[in-house]
Amino acid sequence: MFHKIKNIIPKENLIIIAEFENGIIKQYDIKKILDKIEVFNKLKDKNIFNNVKVDVGGYGISWNEDIDLSAEEIWENGVEYN
């Protein structure tokens, strides 16, 4: 089953809040992948980080053509948020 993102909100300290179509909301900390995926270090620039958007279809999010994250990554490794 695919989990689709309906809305994404950038927060302080490289945190994103993802609202999924099923109503579940998850918090995901980008900092945990900075060392694993070099291109994500560009998100330390607040102007870039705050430009996050949901991709067409809701299967992921992206900041630009180089930086994106799948909905499944956020679903599996995010923390449920109230």
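## Exercises on two sheets and three salt bridges

Both glutamate 12 and lysine 46 are exposed. Keep that pair in mind for the last exercise, and remember that you're working with a predicted model.

**Exercise 1.** Work out the strand order of the four-stranded sheet, and say why one side of β1 and of β7 is left without a neighbour.

*Solution.* Start with the pairs.

- Step 1: β1 and β2 run antiparallel and share five bridges. Isoleucine 5 sits opposite phenylalanine 20 of β2.
- Step 2: β2 is also joined to β3 by five bridges, again antiparallel. Here isoleucine 17 has glutamine 27 of β3 as its bridge partner.
- Step 3: β3 (residues 25–29) pairs with β7 in the antiparallel sense through two bridges. Glutamine 27 turns up again, with valine 79 as its bridge partner in β7.
- Step 4: String these together and you get an open sheet in the order β1-β2-β3-β7, with antiparallel pairing. β1 (5–10) and β7 (79–80) stand at the edges with a single partner strand each, so each has one side without a neighbour in the sheet.

**Exercise 2.** Find the residues with positive phi in the hairpin of β1 and β2 and in the hairpin of β2 and β3.

*Solution.* Take the turns one by one.

- Step 1: Four residues separate β1 from β2, and asparagine 13 in that turn has a positive phi of about 65 degrees.
- Step 2: Four residues also lie between β2 and β3, where glycine 23 takes a positive phi near 95 degrees.

**Exercise 3.** Is alanine 18 buried or exposed, and what does it touch?

*Solution.* Go from the strand to the residue.

- Step 1: Alanine 18 belongs to strand β2. Five of the six residues of β2 (residues 15–20) are buried, so the rest of the structure largely encloses this strand.
- Step 2: Alanine 18 itself is buried, because its relative accessible area is 0%, and the cut-off for buried is under 20%.
- Step 3: Leaving out residues up to four places away in sequence, alanine 18 touches Ile5, Asn7, Ile8, Ile24, Ile25, Lys26 and Ile74.
- Step 4: Lys26 deserves a second look, since alanine 18 stands opposite lysine 26 in β3. On the β7 side, the bridge partner of lysine 26 is glutamate 80.
- Step 5: For a sense of scale, the C-alpha atoms of alanine 18 and leucine 43 are separated by 17 Å, with their positions 25 residues apart along the chain.

**Exercise 4.** Which side chains of β3 point to one face and are buried, and which point to the other?

*Solution.* Use the alternation rule.

- Step 1: In a regular strand, side chains alternate between the two faces of the sheet.
- Step 2: In β3, Lys26 and Tyr28 point to one face and are buried. Ile25, Gln27 and Asp29 point to the other face and are not buried.

**Exercise 5.** Place serine 62 in the three-stranded sheet and list its contacts.

*Solution.* Same routine, other sheet.

- Step 1: The open sheet here has the order β4-β5-β6, with antiparallel pairing. Its edge strands, β4 (53–54) and β6 (68–70), each pair on one side only.
- Step 2: Serine 62 lies in β5. Three bridges join β5 (residues 60–62) to β6, antiparallel, and the bridge partner of serine 62 in β6 is aspartate 68.
- Step 3: With a relative accessible area of 7%, serine 62 counts as buried.
- Step 4: Neighbours within four places aside, serine 62 contacts Asn51, Val52, Lys53, Asp55, Ile67 and Asp68. With aspartate 55, there's a side-chain polar contact of 2.7 Å.

**Exercise 6.** How many salt bridges does the structure hold, and which parts does the pair of lysine 6 and glutamate 19 tie together?

*Solution.* There are three.

- Step 1: Lysine 6 and glutamate 19 meet at 3.3 Å, N to O. Lysine 6 is in β1 and glutamate 19 in β2, so the pair ties together parts 13 residues apart in sequence. Lysine 6 is exposed at 52% relative accessibility, while glutamate 19 is partly exposed at 24%.
- Step 2: Back to the opening pair: glutamate 12 and lysine 46 have their closest N and O atoms 3.6 Å apart. Glutamate 12 is in the loop between β1 and β2 and lysine 46 in helix α1 (residues 46–49), so this bridge ties together parts 34 residues apart in sequence.
- Step 3: Aspartate 29 and lysine 31 form a salt bridge with closest N and O atoms 2.8 Å apart. Aspartate 29 is partly exposed at 25%, and lysine 31 is partly exposed at 30%.

Key
Residues are numbered from 1 along each chain as its sequence is written. This is a predicted model: local features need pLDDT of at least 70, side-chain atom pairs count only at pLDDT 80 or more; totals for chains, interfaces and linings use all residues. Side-chain values use heavy atoms; hydrogens and water are left out. Two strands pair if DSSP finds at least two bridges between them. Buried means under 20% relative accessible area, exposed over 50%, partly exposed in between (1.4 Å probe, protein chains only). Contact means heavy atoms within 4.5 Å. A polar contact is a pair of N or O atoms within 3.5 Å; within protein, one must be able to donate a hydrogen and the other to accept it, and residues adjacent in sequence count only if both atoms are side-chain atoms. A salt bridge is a side-chain nitrogen of Lys or Arg within 4 Å of a carboxyl oxygen of Asp or Glu.
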